[in-house]
Amino acid sequence: MFSHLLRFVGLEGMSNGDVVTYFHMKGCPHCTKFNPEWDKFTAGSKVKTRKVESKEMTPKDKKLGVSGFPTVVLVGANGEKKKEFKGERTKAGLEKWVKSL
């Protein structure tokens with residue numbers, strides 16, 4: 001049933017447990033610039049999202065290989081990194097990326 005809903009909203013490449021995760025670092029100027037775009041994206045998003053500050057990364061988060069900030073990745077239900085966002089750091093860029101998954 002859930003996969004049918006994902007197809008309906010154009011997110012057929014995502015599974016039920018996938019989470020679009022944003023890793024950021026306090027004081028990072030690139031993150032400061034991107035934060036409002038992320039907030040706009042999450043406000044109207046139909047996908048699960050998560051925002052993680054670098055100092056709050058769990059051991060599972062650290063296994064994803066995040067080495068710079070800001071970084072947005074699609075994390076699967078079992079904690080694996082499925083795909084990293086490389087697009088334009090805007091609400092529209094995030095929406096386009098999610099639809100391409």
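This section describes the fold, the sheet and selected residues of a predicted model.

The predicted protein averages a pLDDT of 87, and 86% of its residues score at least 70. Confidence is not uniform along the chain, since pLDDT stays under 50 over residues 1-11. For that segment the model has 13 contacts beyond four places in sequence. The secondary structure comes to 4 helices and 4 strands, arranged along the sequence in the pattern α-β-α-β-α-β-β-α. Of the 101 residues, 37% count as buried. Among contacts between residues at least 6 apart in sequence, 61% join residues at least 24 apart.

The 4 strands form an open sheet with mixed pairing, in the order β2-β1-β3-β4. Strands β2 (49-53) and β4 stand at the edges; each has a single partner strand, so one side of each is left without a neighbour in the sheet. From one strand to the next, the twist averages 30°. Two helices are described in relation to this sheet. Helix α2 (residues 29-43) packs on the sheet and touches β1, β2 and β3, its direction making about 160° with that of β1. Helix α4 (residues 91-100) also packs on the sheet, where it touches β1, β3 and β4; the direction of α4 makes about 25° with that of β3.

The strand pairings account for the mixed character of the sheet. Strands β1 and β2 pair in the parallel sense over 5 bridges, with R50 in β2 as the bridge partner of T21. Between these two strands the chain crosses from β1 through α2 to β2, and this β-α-β crossover is right-handed. Strand β1 (residues 19-24) pairs with β3 in the antiparallel sense, again over 5 bridges, and V20 has L74 of β3 as its bridge partner. Strand β3 is in turn joined by 3 bridges to strand β4 (residues 81-84), and these two strands run antiparallel. Here the bridge partner of V73 is E84 in β4. The hairpin of β3 and β4 has 5 residues between the strands, and within this hairpin G79 takes a positive phi near 90°.

Strand β3 (residues 71-75) is mostly covered, with 5 of its 5 residues buried. The side chains are divided between two directions: T71, V73 and V75 point one way from the strand, whereas V72 and L74 point the other way. Residues on both sides of β3 are buried.

Residue T71 lies in β3 and has a relative accessibility of 7%; because burial requires a value under 20%, T71 counts as buried. The side chain of T71 reaches the backbone oxygen of G68 at 2.4 Å. Leaving aside neighbours within four places in sequence, T71 is in contact with T21, Y22, F23, V66 and E84. Of these contacts, T21 is also the residue whose bridge partner in β2 is R50, and E84 is also the bridge partner of V73. The peptide bond that joins F69 and P70 is cis, with omega of about 0°. P70 is placed in the loop between α3 (59-62) and β3.

A second loop residue, D18, is found between α1 (2-8) and β1. With a relative accessible area of 2%, D18 falls under the 20% limit and is therefore buried. The side chain of D18 is joined to that of K82 by a polar contact of 3.1 Å. The C-alpha atoms of D18 and E80 are separated by 9.5 Å, although these residues are 62 residues apart along the chain.

Technical notes: Residues numbered from 1 in each chain as written. Predicted model: local features only at pLDDT ≥ 70, side-chain atom pairs only at ≥ 80, totals over all residues. Heavy atoms only, no water. Buried < 20%, exposed > 50% of the residue type's maximum accessible area, 1.4 Å probe, protein only. Pairing = 2+ DSSP bridges. Polar contact = N/O pair within 3.5 Å; in protein donor to acceptor, adjacent residues only side chain to side chain. Axes fitted to C-alpha atoms, helices over the stretch in contact; angles between N-to-C directions. Contact = heavy atoms within 4.5 Å. pLDDT = per-residue confidence, 0-100. Right-handed = clockwise from strand over helix to strand, strands pointing away.
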